[in-house]
Amino acid sequence: MTTLTTPAVARSREDLSGLLAGRRSRRSPSDRHQSGPVVLVPTMGALHEGHATLMRAARERAGAHGVVVVSIFVNPLQFGAGEDLDRYPRTFDADLEVAAREGVDVVFAPVVADLYPDGVPHEHGASDAVTVQPGHLADILEGAIRPGHFRGVLTVVAKLFGLVRPDVAIFGEKDYQQLVLIRRMVSDLCMGIEIVGAPTDREPDGLARSSRNRFLDEEQRRQAVTLSRVLFAAREAGAEFGLDVAMDEGRAELRDAHGVDLDYFTILSPELTELPAAVPPGTEARALIAARIGSNRLIDNLPITLGPTASAGGTADNTGVS
Ligand SMILES: Nc1ncnc2c1ncn2[C@@H]1O[C@H](COP(=O)(O)OP(=O)(O)OP(=O)(O)O)[C@@H](O)[C@H]1O
Ligand SMILES: CC(C)(CO)[C@@H](O)C(=O)[O-]
Ligand code: BAL
């Protein structure tokens with residue numbers, strides 16, 4: 001029988017610094033060889049198997065002597081007015097079980113006032129708070145639909161980095177634009193933290209696991225698989241026939257779908273810039289999709305290697321139907 005050790009739970013920043021202090025003092029240069037890295041997995045809770053893959057990667061990276069910290073915090077600053085902040089699932093006891101199963105050392109689950117002692121600095125409210133302003137990459141895709149979202153994400157991630165001071169932080173590729181922006185923040189603000197991107201974990205039929213999937217009813221669950229179908233169809237066609245055909249095949253999947261209200265389907269460079277008009281065979285790209293199914297908004301993406309007859313069409317051609 002496997003014995004599970006419940007992670008230490010820090011409910012405030014003071015708890016966290018207490019829990020991490022002992023470990024940090026042991027990380028002196030003289031005995032660094034005996035200690036491993038501090039590895040952080042930031043989450044909003046409602047943990048599922050996708051999160052578990054991140055924790056497993058963290059445990060492996062930290063080794064027996066390192067520390068795995070999982071943060072659970074539903075960050076109000078990244079939710080816009082009318083979004084699903086209030087109904088976002090909160091399942092703390094079940095989350096602790098997942099963390100225990102994956103060998104997490106510390107769960108950091110602060111309250112809102114702990115991370116925002118002067119209140120949540122929403123754009124529309126007066127505030128002296130310093131927040132992280134992302135570049136223009138935050139204005140496209142998710143940022144176009146959710147203005148201010150990435151300012152909220154980067155601000156809270158910067159706070160988590162400041163509190164946990166990890167050597168490594170692991171994020172899912174499922175939130176691909178988020179991952180790109182976090183890498184950019186760490187680089188531009190010289191944070192000196194290694195950012196690891198973990199592949200998207202999927203249901204057997206291809207649907208990307210997501211905390212919000214639990215809100216899908218049976219019919220919506222059937223419709224939700226359209227997102228990954230579009231991406232896999234685009235990937236297969238793109239590998240053989242290039243970008244334009246990849247877009248066509250993705251769009252064809254969308255035409256046959258019901259109940260899927262598309263926000264975007266596009267293929268961009270891995271850095272989320274437009275692809276040039278002609279790309280050489282073997283060019284790496286990223287297909288990205290977002291859609292609403294009922295009142296649920298889902299996102300997904302997939303890496304694509306464009307094939308020998310690839311020819312890029314720029315924004316006009318590789319922007320999806322809506
Ligand atoms: N299916 C997945 N595979 C790998 N990583 C994932 C998966 N789903 C989420 N993650 C990653 O887990 C981290 C925490 O994400 P979060 O708590 O928002 O979960 P989520 O399932 O993405 O929820 P949401 O429904 O809000 O999109 C992020 O880095 C995210 O990219
Ligand atoms: C990175 C994150 C934990 C910041 O709140 C969140 O955006 C998420 O769970 O992907
Ligand atoms: N994982 C993305 C968090 C959000 O939708 O706000």
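**View 1. The residues around ligand 2.** Welcome to the first close-up: ligand 2 is surrounded by Pro42, Thr43, Met44, Asn75, Gln78, Val153, Val156, Val157, Asp175 and Gln178, where a residue belongs to the surroundings if its C-beta atom, placed from the backbone, lies within 6 Å of the molecule. This is a predicted model, in which local features need pLDDT of at least 70 and side-chain atom pairs count only at pLDDT 80 or more, while totals for chains, interfaces and linings use all residues. Residues are numbered from 1 along each chain as its sequence is written, and chains are lettered from A and ligands numbered from 1 in the order in which they are written. Strand E2 (38–43) and helix H6 each supply at least two residues of the shell; the helices (H or I, at least four residues) and strands (E, at least two) are DSSP runs, numbered from the N terminus. The largest share, three residues, comes from H6. By type, the shell holds five nonpolar, four polar and one charged residue, with Ala, Val, Leu, Ile, Met, Phe, Trp, Tyr, Cys and Pro counted as nonpolar, Asp, Glu, Lys and Arg as charged, and the others, Gly among them, as polar.

**View 2. Two glutamines that carry a record annotation.** Which residues does the UniProt annotation "binding site" cover? In this unreviewed entry they are Gln78 and Gln178. They are spread over 101 residues of sequence, yet they cluster in space, with a largest C-alpha distance of 11.4 Å. UniProt positions are given in the numbering used here, feature names are shortened, and annotations may be inferred rather than shown by experiment. Glutamine 78 sits in the loop between strand E3 (67–72) and helix H3 (92–101), whereas glutamine 178 belongs to helix H7. Glutamine 78 counts as buried because it has 21 C-beta neighbours inside 10 Å; the scale calls a residue buried at 20 or more other C-beta atoms within 10 Å of its own, exposed at 12 or fewer, and partly exposed in between, with C-beta atoms placed from the backbone. Glutamine 178 is buried too, with 21 other C-beta atoms within 10 Å. Leaving out residues up to four places away in sequence, glutamine 78 touches His149, Gly152, Val153 and Val156, and glutamine 178 touches Val153 and Phe171; touching means that the C-beta atoms, placed from the backbone, lie within 7 Å.

**View 3. Helix H7 and the residue that follows.** Helix H7 covers residues 176–188, and its 13 residues should span 18 Å at 1.5 Å a residue, which agrees with the 18 Å between its end C-alpha atoms. The expected span is 1.5 Å times one less than the number of residues. Buried in H7 are Tyr176, Gln177, Gln178, Val180, Leu181, Ile182 and Met185. These buried residues pack against several elements, including helix H5 (142–145), helix H6 (149–164) and strand E6 (194–198). Just after H7 comes cysteine 190, with a positive phi of about 50°. Cysteine 190 lies in the loop between H7 and E6 and counts as exposed, because it has 6 C-beta neighbours inside 10 Å.

**View 4. Ligand 1 and histidine 51.** Of the 18 residues around ligand 1, those that come nearest are Gly50, Gly172, Arg209, Ser211 and Arg212. Helix H2 (49–62) and strand E5 (168–172) are the elements that give two or more residues to this shell, and H2 provides the largest share, four residues. The shell divides into five nonpolar, eight polar and five charged residues. Helix H2 also holds histidine 51, where UniProt (unreviewed entry) places the feature "active site". Histidine 51 is buried, with 25 other C-beta atoms within 10 Å. Not counting residues up to four places away in sequence, histidine 51 touches Thr43 and Val98.

**View 5. Phenylalanine 73 in its loop.** Phenylalanine 73 is found in the loop between E3 and H3. Is phenylalanine 73 buried or partly exposed? With 19 C-beta neighbours inside 10 Å, phenylalanine 73 counts as partly exposed. Phenylalanine 73 and proline 42 are 31 residues apart in sequence and 8.1 Å apart in space, C-alpha to C-alpha. Beyond residues up to four places away in sequence, phenylalanine 73 touches Met44, Ala109, Pro110, Leu115 and Val156.

How values were computed:
Two residues are in contact if their C-beta atoms, placed from the backbone, lie within 7 Å.
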